Amino acid sequence: MSTTFLPCGDYHQGYAEDHAWFQTKFIKGKMIALFLVLFVFIPISYWGSIFQSAFNIDNYWFSLIIRYISVFGADEYWISVFNMVGYTILGALGVQLLIGYCGQLTLGHGAFIAVGAYTSTLLILEFPWPEFMITLGLAYPVSIFIAGIMAGLFSVLFGLPSARVKGFYLILTTMAAQFILVDFVITQYVSQIGGRGQAFSLPPGTIKIGPWLIDNNYKVYFFMLILVILSCIIISNLVRTRVGRAWVAIRDNDISAEVMGINVIKYKLLAFFVAGFIGGITGSFWISNLAAISPEHFPWFLSLWLVGVILIGGVGSIHGAIFGSLFMVVIMELLQLAVIPLADTYPKLLMDFLFIKEATFGLAICGFLIFEPNGMAYRWWQIKNYFNLWPFSY
Amino acid sequence: MQFKNRWSKILLIGLIAGISIGMSSMAIAADTIKIGSLNDMTGATSDVGKDYALGIAEAIHYINDTGGINGKKIKLYQFDYGYRIPEALTKYSLFKRMKCAAILGWGTGDTEALAPTVAKDKIPYVSASYSGHLCDTTKTPYNLFFAPDYSTQVRGLMTVWFEKKWKQNKDFGKRKPRIAACYMFASPFSSSSIKAYKDQAKVLGFDVGPDQDVSLFAIDTKSQVLALKEFKPDVVLHTNTVMSVAATLRDSYALKLGADNIIKCWGFDENLPKLAGKAADGALGCSPWAFFGLDVPLMKEVTKYAKKYNPGIPPEKRTIHTVQAWASVLGLAEALKRADKAGDLSGEGILKKGFETFKDVDIGLGIAPVTYTPTDHRPQSEAKVYEWTGDKFVLFGSADMKKKWPEKWEKEWLGW
């Protein structure tokens, strides 16, 4: 937080101010503007239809106005793209915490997302909830929390080898999580619960928080925003306190960290727990978007993809996870839209788009490692400082 | 620094130009019907998916060349999604944004994941997944396909094997026949007919052996075959795609398992004998369509268009999956024509005034007549079983499930 340069005449007068969320009124204004954009302007067509049905307006001009305003917001397609972004952000935050803050290389995060998704699904479908909890719509929210805990515990289990090994060897042990949890436990045993075969599908109406039924893309979008904001708050609070400093110390040099009196194993496992917890929440969020689940949703590639996201976004920064996810999802969609008109002349292009996408993923990682190893978050920081310090940027 | 800036500028301009062109081309021309297509050219089922994808494009050309949909042209948007479900979901929302009238889908996993959304958005979804789950109109009203469903295929295969092969066995009447299944547990596609398989084993009186998990990517299945050897099955059911079925056949041949093989439609095509060699001799497979190049109505067009639009692939390399794709497209086109005549090309119109008016419609290609009713989307009840005799595919027998077990067909078996 304290990386923000303050305008002339503003000084911090204590630690609390030094670590405050909103350090100046201007920053507070910017944040309010950001929330307005996220909650109001992007889903404006949703608000329009709510407004229309709430006041029961059946006026031609009014609906015309609503339609014109909606042009500036995101339509359902873009909302579903943003939901994908949110899913990637939530997944990448856990990876960021492990790799970026605690220095524990992991390639098995997808498995913990799967654990979360399955825990939540099974709790909703199979657990004998007391009647009042179902009528109050508490089953899903409680299952999210339990899914987080479950995924966290599994993450700790597969993080245990980090007490002894690090670097490439740790990558291999975390990869085991994918093969043991997803390919073995979930496919062979968990998927068979209730005789459902492989795929679980959640009947409509089961995913609700209190009276709020999550049944369309816009509602998933709001739910996603809330989860992303909460997770960002949790992680940024963790990393600026004692725990976070211990993690950074371990990342920078685990031997000196131990010499300074940090219980290395405890903090490493804590990092695995928190990352797994957020992974579990990611999984249980994802089922609200899918309403169906099978082990095929969690290939090993998902873990690799998340690592790619934080490499592009910037290692060791929460902004990095967000920018990386935006880049990887939105840029790819834009690329696809750009390809569609070209397909009239080169019909093969649409079919080969997956190759283009994969090649772009690889190229983007190479490009960032060569030209901007600190990722997009660092670029953002530079741009921000340029304006903050302008015109005397020395 | 200069170099970097110039390149980033060019990239940025290119991207912006591309996007603006992309946005502007979104405008809909009045006399075209948009169809989206999801195909797998690179993923787990690409061994059979490539030919299907080529077939889709060729069949759409054929429809457009022969007058389109009552004069309207079809515009096809075809994407490879690599058998990845999240990819399929975003592609689906793209199709919805482009206002596609109908979607030609592919795998079981994504078709079942999309089914509730498809029903909500009322977009007819013609899949290459013939999962029995998709036939129950109370759950998946907008899912359709042109083949007997997997469960009917498996029941038919078992029935035909029981009647034609087991009755000639010297142990017939002395003991129950033993059966086991090889499939990928994790794949909803491979495992979708397993419930029907176990049920049919009870109906016909089989001893059921332990299921073997064979990945769709498997190239070595010796441990599974060795596990089966202890059970000594008389017949093994395969529900994977060709690549892994061929691997299993080869290993059972090499390890002398000595069982007959019955194979679901996606594991039984022209590539099977090429990949499995002698091990494929005598294999029985369910195949609702004629094999590529056989003498059935419309097959001349199939071969002609294959030559015309993909001249790089020799005809002997094309497979039955091209014919399958043609069946899906021709069926969809017939429904579109009917809906268009009724003047209603909305999703609901295509379903109600198109598909659900089908009564014993013959679309050619050696496929049995297709019927849909508003309560039952099982298009056919007859499973045709072919045998690979070592040099060609021969029709071995067929079993009509509706005629054999009318009671169960009507009441019990819908939606498996």
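These exercises, with worked solutions, concern a predicted model.

**Exercise 1. Domains of chain B**

Task: State the domain bounds in chain B, then describe the side of domain 1 that touches domain 2.

Solution:
- Start with the bounds. The domain assignment gives chain B a domain 1 of 30–148 + 292–380 and a domain 2 of 150–287 + 384–411.
- Next, count the contact residues. Domain 1 of chain B supplies 20 and domain 2 of chain B supplies 21.
- Then find the elements. On the domain 1 side, α2 (46–65), α4 (108–121) and α12 (320–341) of chain B each give two or more residues. The most come from α4(B), with 3 residues.
- Sort that side by class. It holds 7 nonpolar, 10 polar and 3 charged residues.
- Finish with the spacing. The C-alpha centres of domain 1 of chain B and domain 2 of chain B are 27 Å apart.

**Exercise 2. Domains of chain A**

Task: Repeat the analysis for domain 1 and domain 2 of chain A.

Solution:
- The assignment places 25–73 of chain A in domain 1 and 74–389 in domain 2.
- Their centres, over C-alpha atoms, are separated by 29 Å.
- The contact joins 7 residues of domain 1 of chain A to 6 residues of domain 2 of chain A.
- On the domain 1 side, α2 (25–41) and α3 (44–54) of chain A give two or more residues.
- That side divides into 5 nonpolar, 2 polar and no charged residues.

**Exercise 3. The interface between the chains**

Task: Describe the side of chain A that touches chain B.

Solution:
- Count first. The contact involves 31 residues of chain A and 37 residues of chain B.
- Now list the elements of chain A that give two or more residues. They are α5, α9 (168–189), α15 (318–342), α16 (348–351) and α17 (353–371).
- Classify the chain A side. It has 19 nonpolar, 8 polar and 4 charged residues.

**Exercise 4. The largest nonpolar core**

Task: Name the residues that touch the most other members of the largest nonpolar core, then trace the contacts of B:L157.

Solution:
- The general background comes first. In soluble globular proteins, nonpolar side chains tend to be buried together.
- Here the largest core has 226 residues. Those touching the most other members are A:A114, A:I310, B:L157 and B:V329.
- Helix α5 (residues 76–101) of chain A is the top contributor to this core, with 15 residues.
- Take B:L157 as a case. Beyond four places in sequence, its contacts are B:I262, B:L284, B:C286, B:A383 and B:V385.

**Exercise 5. Two helix pairs**

Task: Work out how α10(A) lies against α13(A), and how α2(B) lies against α11(B).

Solution:
- Take the chain A pair. The axes of α10 (residues 217–239) and α13 (residues 264–290) come within 10 Å and cross at roughly 175°.
- An angle over 145 degrees counts as roughly antiparallel. So α10(A) is roughly antiparallel to α13(A).
- The residues in contact include A:F223, A:M224 and A:L227 from α10(A), and A:I278, A:I281 and A:F285 from α13(A).
- This contact has 9 nonpolar, 3 polar and no charged residues.
- Turn to chain B. The axes of α2(B) and α11 (residues 299–309) are 9 Å apart, at an angle of about 110°.
- Angles of 65 to 115 degrees count as roughly perpendicular. Therefore α2(B) and α11(B) are roughly perpendicular.
- From α2(B) come B:A57, B:E58, B:H61 and B:Y62; from α11(B) come B:E301, B:Y305, B:A306 and B:Y309.
- The classes are 5 nonpolar, 1 polar and 2 charged.

**Exercise 6. Helix α13 of chain B and the loop before it**

Task: Identify the buried residues of α13(B), then place B:A342.

Solution:
- In α13 (residues 347–354) of chain B, the buried residues are B:G347, B:G349, B:I350, B:L351 and B:G354.
- They pack against β3 (102–104) and α12 of chain B.
- B:A342 sits in the loop between α12 and α13 of chain B.
- B:A342 is partly exposed because 14 other C-beta atoms lie within 10 Å.
- Outside its neighbours within four places, B:A342 contacts B:G349 and B:K353.
- B:A342 and B:K353 are 11 residues apart along the chain, with 6.9 Å between their C-alpha atoms.

**Exercise 7. Two lysines with positive phi**

Task: Are B:K122 and B:K256 exposed, partly exposed or buried?

Solution:
- Most residues other than glycine have a negative phi. B:K122 has a positive phi of about 55°, and phi of B:K256 is near 55°.
- B:K122 lies in the loop between α4 and β4 (125–126) of chain B. B:K256 lies in the loop between α9 (242–254) and β10 (260–263) of chain B.
- B:K122 has 14 C-beta neighbours inside 10 Å, so B:K122 is partly exposed.
- B:K256 has 8 such neighbours, so B:K256 is exposed.

Terms used. Residues numbered from 1 in each chain as written. Chains lettered and ligands numbered in written order. Predicted model: local features only at pLDDT ≥ 70, side-chain atom pairs only at ≥ 80, totals over all residues. Domains from an automatic or database assignment. Contact = placed C-beta atoms within 7 Å. Helix = DSSP H or I, 4+ residues; strand = E, 2+ residues; numbered from the N terminus. Nonpolar A, V, L, I, M, F, W, Y, C, P; charged D, E, K, R; others polar. Core = buried A, V, L, I, M, F, W, Y, C linked by C-beta atoms within 7 Å. Buried ≥ 20, exposed ≤ 12 C-beta atoms within 10 Å, placed from the backbone. Axes fitted to C-alpha atoms, helices over the stretch in contact; angles between N-to-C directions. Parallel < 35°, antiparallel > 145°, perpendicular 65-115°, else oblique.
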